[in-house]
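The following note sets out points for a colleague who has not yet examined this model. Please read the points alongside the sequence and the coordinates.

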Amino acid sequence: MHNSEAMALSAALLAVAGELTQRIHEGVVARGFEGIRPAHGFAFARLAPDGATVTDLAAHLGVTKQAASQLVDELVRKGYVERRPHPDDARARLIVLTELGWACTRAAEEAAAEAVRAWGEVLGESEMRALRDRLLRIAPYGPIRPSW
């Protein structure tokens, strides 16, 4: 693949990822979740299903522990997450989704399904499965995080 072809492919993938992030965010907001930003969704992806420490979350998001801690403080204030004692480390706190956080996560899944269904209308079912399979060979399940 020539450099120009690689750049065109890179630009297309980034455009699709950006549009998907925006459509999921818009779908979450349309379902009544307020005060939420796309960065929160990337945090939720790490916190589900078993929670994480601030250190884990910082590594996942590619930010400092201080920035992750501020994000957690914001999500606690908004009721999306809570801090619990860590089951294996008395010094650490486990950050877990609340019922509101889980509801928001389900709303994001619904919005993602809607966005991807639109792709299926363009590509067809067999091409969608092939696209999914090829992308999973390149990036098998993550990490799902923003490209700050």
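1. On one side of helix H4, Lys65, Gln66 and Arg77 are exposed, where exposed means over 50% relative accessible area, buried under 20%, and partly exposed in between (1.4 Å probe, protein chains only). On the other side of H4, the buried residues are Ala68, Leu71, Val72, Glu74 and Leu75. These buried residues cover an arc of only 160° around the axis, which puts them on the same side of H4; the arc is that of the directions from the helix axis to the C-beta atoms.

2. The model is predicted: local features need pLDDT of at least 70, side-chain atom pairs count only at pLDDT 80 or more, and totals for chains, interfaces and linings use all residues. Residues are numbered from 1 along each chain as its sequence is written, and side-chain values use heavy atoms, with hydrogens and water left out.

3. The protein has six helices and two strands, in the order α-α-α-α-β-β-α-α from the N terminus on. Helices (H or I, at least four residues) and strands (E, at least two) are DSSP runs, numbered from the N terminus. The C-alpha trace spans about 50 × 35 × 25 Å along its principal axes. Of the 148 residues, 27% are buried.

4. The exposed surface of the protein comes to about 9700 Å², of which carbon and sulfur atoms supply 57%. Accessible areas come from the Shrake-Rupley method with a 1.4 Å probe; for residues, only the protein chains shown count as cover. Among contacts between residues at least 6 apart in sequence, 52% join residues at least 24 apart; contact means heavy atoms within 4.5 Å.

5. How does the span of H4 agree with expectation? At 1.5 Å a residue, its 13 residues should span 18 Å, and the end C-alpha atoms are 18 Å apart, which agrees. The expected span is 1.5 Å times one less than the number of residues. The buried residues of H4 pack against helix H2 (38-47), helix H3 (54-61), strand S1 (81-85) and strand S2 (93-97). Just after H4, Gly79 takes a positive phi of about 85°.

6. Glu74, placed in H4 (residues 65-77), merits separate mention. Is Glu74 buried or exposed? Glu74 is buried, with a relative accessible area of 14%. The side chains of Glu74 and Arg37 are joined by a polar contact of 2.8 Å. A polar contact is a pair of N or O atoms within 3.5 Å; within protein, one must be able to donate a hydrogen and the other to accept it, and residues adjacent in sequence count only if both atoms are side-chain atoms. Apart from neighbours within four places in sequence, Glu74 is in contact with Gly35, Arg37 and His40.

7. The largest nonpolar core holds 22 residues, of which Phe44, Leu47, Leu75, Tyr80, Val81 and Cys104 touch the most other members. The elements giving two or more residues to this core are H2, H3, H4, S2 and helix H5 (99-123). A nonpolar core is a set of buried Ala, Val, Leu, Ile, Met, Phe, Trp, Tyr and Cys residues joined through side-chain atoms within 4.5 Å. In soluble globular proteins, nonpolar side chains tend to be buried together. Leaving aside neighbours within four places in sequence, Leu47 is in contact with Ala52, Leu57, Val81, Ile95 and Leu97.

8. The loop between H2 and H3 contains Pro49, and a cis peptide bond with omega of about 0° joins Ala48 and Pro49. Most residues other than glycine have a negative phi, and most peptide bonds are trans. Thr53 is found in the loop between H2 and H3 and is buried, with a relative accessible area of 13%. Its side chain reaches the backbone nitrogen of Asp56 at 3.0 Å. Beyond neighbours within four places in sequence, Thr53 is in contact with His86, Ala92, Arg93, Leu94 and Ile95.

9. H5 has 25 residues and reaches 36 Å from its first C-alpha to its last, close to the 36 Å expected at 1.5 Å a residue. Gly101, Cys104, Thr105, Ala107, Ala111 and Ala115 are buried in H5. The buried residues of H5 pack against H1, H2 and S2. Gly124, which follows H5, has a positive phi near 90°.
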